[in-house]
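The exercises below ask you to read side-chain contacts and burial from a protein model, working step by step. Keep the sequence and the coordinates open while you follow each solution.

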Amino acid sequence: MGKSSEKRDRKEKRVTEHVAHHAVEGVVKDKKEKKEKKDKKRKDRDEDVADLATQDVVKEPKQKKVKKEKVEKPPKVITPTDPPVEAPETLVDTVPAEAPIPTEESSSTSIEEPKKKKPKKDKKAPKNADSYPTFTVFPDNVKSPIGVSSLRDLVIWCLGDGINPTWMMVKNKQYIRRAVVLLVPGLTSEMFAGMKGMGEGMKPVKMAEAGGPEELGVLGDVFEWMWPTKAPGDNQRLYSPLLALLQAPLSNAEKERRAREQRRVQAQSSSKEEFPPEMFLLKLGEMEEQGYPLHTSLLPEGQAKELETDWVETKKSDSEWKTVGKKEGEYIIYGLDCEMCKTSEGNELTRVTLVNAKSEVIYDKLVMPDNEIIDYLTQWSGITEERLSGTTTKLADVQRDFMELVSSDRTILVGHSLESDLVALKIRHPLVIDTSVIYQHSRGPPYKPSLKWLAERHLGAQIQRNTGVGGHDSAEDARTAVQLLLMKMQKGVEFGTFARDVEPIFTRLQRQTSEGGVTSAVVDYGNPRALIGAGAKTCIGCQSDDDVVKGIKEAVETNHGFVFGRLRELEFAAGWGSSNREDANSEPLSPDLMSPVLARLSERIKEIYESLPPCSAFIVYTGTGNPREMSRLNAKYGKHKAEFKTKKWDELEVKWDDNDQQALNTATKVARKGLSWITLK
């Protein structure tokens with residue numbers, strides 16, 4: 001037994017050693033084969049890299065871990081995300097000379113990785129033709145007429161967020177650098193033979209088929225399509241085409257932000273019997289929007305602008321006092337109002353008035369301008385040559401007196417659109433309450449309520465009754481502003497406001513996060529800041545269409561992303577001005593009278609278009625159709641209503657029947673038939 005056992009053990013040991021030997025050989029063989037394969041792959045890769053180098057083609061090798069030579073990635077090429085669409089041959093979607101298209105050679109030899117750069121004020125035109133922005137029109141997809149609000153939404157979509165329009169395809173909108181919108185009242189569908197017989201017409205018409213006046217040939221050169229555009233209104237009246245374009249709906253995010261702010265204000269003031277005046281002070285952003293001169297104390301160190309010639313700014317009070325808002329009575333409230341005249345150098349001060357919180361006049365001076373007076377503006381200012389004669393007080397004297405009465409840390413100035421008063425005084429002051437801001441217009445921004453309307457609505461007072469004859473009384477206006485503030489302090493923040501989920505389009509665009517927002521400019525007749533320019537960075541007042549063209553070009557050159565302007569010569573020539581509508585003849589003016597006006601309009605549109613950089617959206621719209629007959633009938637209806645309140649039917653001088661009502665409805669349809677033209681340069 002013992003020998004057999006030893007023999008079996010030796011045999012098992014030999015078998016075990018044999019298996020272990022072959023296992024080791026197998027492992028070694030596998031390692032050797034793997035090493036040979038790895039060496040072969042490395043050799044093949046090196047040969048491929050060498051071949052690429054001899055062909056002068058830069059390609060990133062598949063193997064990532066290469067320590068000997070770092071091969072940089074080629075620059076990224078942005079490709080359009082929208083599906084390709086075949087545009088009509090006449091659609092302007094080619095890249096102009098200012099935006100060169102890169103060739104294959106130029107793109108293949110560039111190996112520099114693009115570095116991240118800070119956002120610039122102005123976008124550059126894309127260098128890739130496929131990335132160039134285009135507008136593509138599909139007439140068969142237009143199921144209903146576009147409106148003025150459709151143009152507004154297109155602008156918001158092109159420059160920011162908003163809603164993608166269904167009636168036009170916007171490709172590569174991220175490269176659109178500007179949007180310029182031009183309101184040109186006076187152009188009508190009746191001027192274009194291609195629009196006749198279209199009834200309510202909703203689909204766009206090719207300009208080649210529009211058959212417009214010869215003088216307006218530039219419209220066919222610049223634009224491919226003419227769009228029937230329905231003006232806002234109802235069955236017997238028009239709403240403002242200005243408001244429809246310049247007033248934008250609030251985004252959901254902004255609605256929520258405002259709701260939070262309102263809850264915060266209510267929580268802070270719930271235990272207070274009276275709202276403190278500092279709650280109504282204009283914030284820095286609001287002062288910038290309204291065009292106020294900015295006091296040094298409002299701005300970070302190093303950002304304040306130096307005082308211009310003849311300008312001053314208020315100083316801190318010499319007396320010590322506690323932190324703002326800690327106790328009642330710490331602030332001194334003064335109502336301020338000024339009157340101006342027109343001189344050879346622009347508007348200059350002729351009267352300044354300060355009243356205290358008790359409506360007592362504490363300062364009232366007539367001021368002799370430094371320059372020659374061209375127009376006393378008596379119908380507004382109440383100032384005449386006789387009244388100003390013998391006045392020796394100058395602007396510098398008023399500024400010196402003002403600095404003694406007003407301090408930058410203790411005095412709140414209250415007034416209506418006070419920015420114009422401070423500009424006339426050439427004074428910077430940080431603590432301002434503007435009654436045109438804390439109270440709202442019933443139609444919402446960008447409109448502002450007039451002081452006269454606020455006084456009648458909230459104070460039950462009649463002011464400015466001598467406008468047009470004896471002018472305004474600055475003491476009366478200053479008292480009214482103070483009284484409106486005191487009422488606001490009693491009633492609360494929401495008093496005198498209207499729950500409207502809208503804001504100026506300028507504010508909406510400025511809030512865009514891309515590249516710090518979009519700055520806006522308004523170029524219009526008169527004082528656009530006071531009428532429609534709330535929220536715009538720049539407002540340029542004009543007296544003629546040539547001034548408007550010059551202002552638009554200036555705004556474009558200074559990199560404003562959105563520019564709105566209005567040409568009015570044709571409007572006045574056609575009798576569309578508000579002062580002319582009631583007595584206007586419903587027949588159109590003769591072609592002989594209109595021809596030179598249309599020719600000048602055509603040249604101005606061409607000049608504006610040629611001044612735009614590549615990738616600029618350009619929109620021209622009429623706002624309305626011919627409103628003269630509608631206005632005449634509305635005036636008749638107004639007289640009828642006034643008589644009907646005090647007279648019997650048989651005694652009425654002006655009667656209104658069903659035929660008149662039907663005629664008004666028809667005239668209103670005509671008035672709501674506007675036009676628009678849209679293109680991308």
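## Exercise 1: a salt bridge and its network

D545 and R604 form a salt bridge in which the closest N and O atoms are 3.6 Å apart; this is a predicted model, and the distance is computed from it. Work out which helices the pair links, whether each partner is buried or exposed, and which residues belong to the network around it.

Solution. Begin with the positions: D545 belongs to helix α17 and R604 to helix α19, and the pair links distant parts of the chain, 59 residues apart. Next, check the distance against the cut-off, which asks for a side-chain nitrogen of Lys or Arg within 4 Å of a carboxyl oxygen of Asp or Glu; the closest N and O atoms of D545 and R604, at 3.6 Å, satisfy it. Then turn to burial, where the limit is under 20% relative accessible area: D545 has 4% relative accessibility and counts as buried, and R604, at 9%, counts as buried too.

To extend the picture, take the salt bridge between the side chains of R600 and E569, with 2.6 Å from N to O. R600 lies in helix α19 and E569 in helix α18, so this pair ties together parts that are 31 residues apart in sequence. R600 is partly exposed, at 36% relative accessibility, and E569 is partly exposed as well, at 22%. Finally, salt bridges that share partners join D545, D546, E569, R600 and R604 into one network.

## Exercise 2: the two faces of a helix

Determine which residues of α17 are buried, how they are placed around the axis, and what covers them.

Solution. First, set the frame: α17 runs over residues 545-557, and its 13 residues reach 18 Å from the first C-alpha to the last, close to the 18 Å expected at 1.5 Å a residue. Second, list the buried residues, which are D545, V548, V549, G551, I552, A555 and V556. These cover an arc of only 165 degrees around the axis, which puts them on the same side of α17. The spacing in such a list can be understood from helix geometry, because an α-helix has 3.6 residues a turn, so residues three or four places apart point the same way.

Third, look at the face turned away from the buried side of α17, which carries the exposed residues K550 and E557. Fourth, identify the cover: the buried residues of α17 are covered by elements including the strands β4, β17, β18 and β19 and the helices α18 and α19. As a last step, follow the chain past the end of α17 to N559, whose phi is positive, near 65 degrees.

## Exercise 3: classifying aromatic pairs

The structure holds eight aromatic pairs. Classify the pair F223 and F618 and the pair Y439 and F495, and state what each one ties together.

Solution. Two values are needed, since a pair of aromatic rings is described by the distance of the centres and the angle of the planes. For F223 and F618 these are 5.7 Å centre to centre and 25 degrees between the planes, and the pair is stacked. F223 lies in the loop between α4 and β6, and F618 in strand β20, so the pair ties together parts that are 395 residues apart in sequence. F223 counts as buried at 2% relative accessibility, and F618 is buried at 0%.

For Y439 and F495 the ring centres are 6.1 Å apart and the planes stand at 80 degrees, so this pair is edge-to-face. Y439 lies in the loop between α12 and α13, whereas F495 lies in the loop between α14 and β16, so the pair ties together parts that are 56 residues apart in sequence. Y439 counts as buried at 1% relative accessibility, whereas F495, at 22%, counts as partly exposed. To finish, return to F223 and F618, which form one aromatic cluster with Y609.

## Exercise 4: charges over rings

Which residues lie over the faces of W157 and Y525?

Solution. For W157, the residue over the face is K173, at 4.4 Å from the ring centre. For Y525, the residue is R568, at 5.9 Å from the ring centre.

How values were computed
Residues numbered from 1 in each chain as written. Predicted model: local features only at pLDDT ≥ 70, side-chain atom pairs only at ≥ 80, totals over all residues. Heavy atoms only, no water. Helix = DSSP H or I, 4+ residues; strand = E, 2+ residues; numbered from the N terminus. Expected span 1.5 Å × (residues − 1). Buried < 20%, exposed > 50% of the residue type's maximum accessible area, 1.4 Å probe, protein only. Arc of directions from axis to C-beta. Contact = heavy atoms within 4.5 Å. Phe/Tyr/Trp six-rings, centres within 6.5 Å; stacked < 30°, edge-to-face > 60°. Lys NZ or Arg CZ within 6 Å of the ring centre and 35° of its normal.
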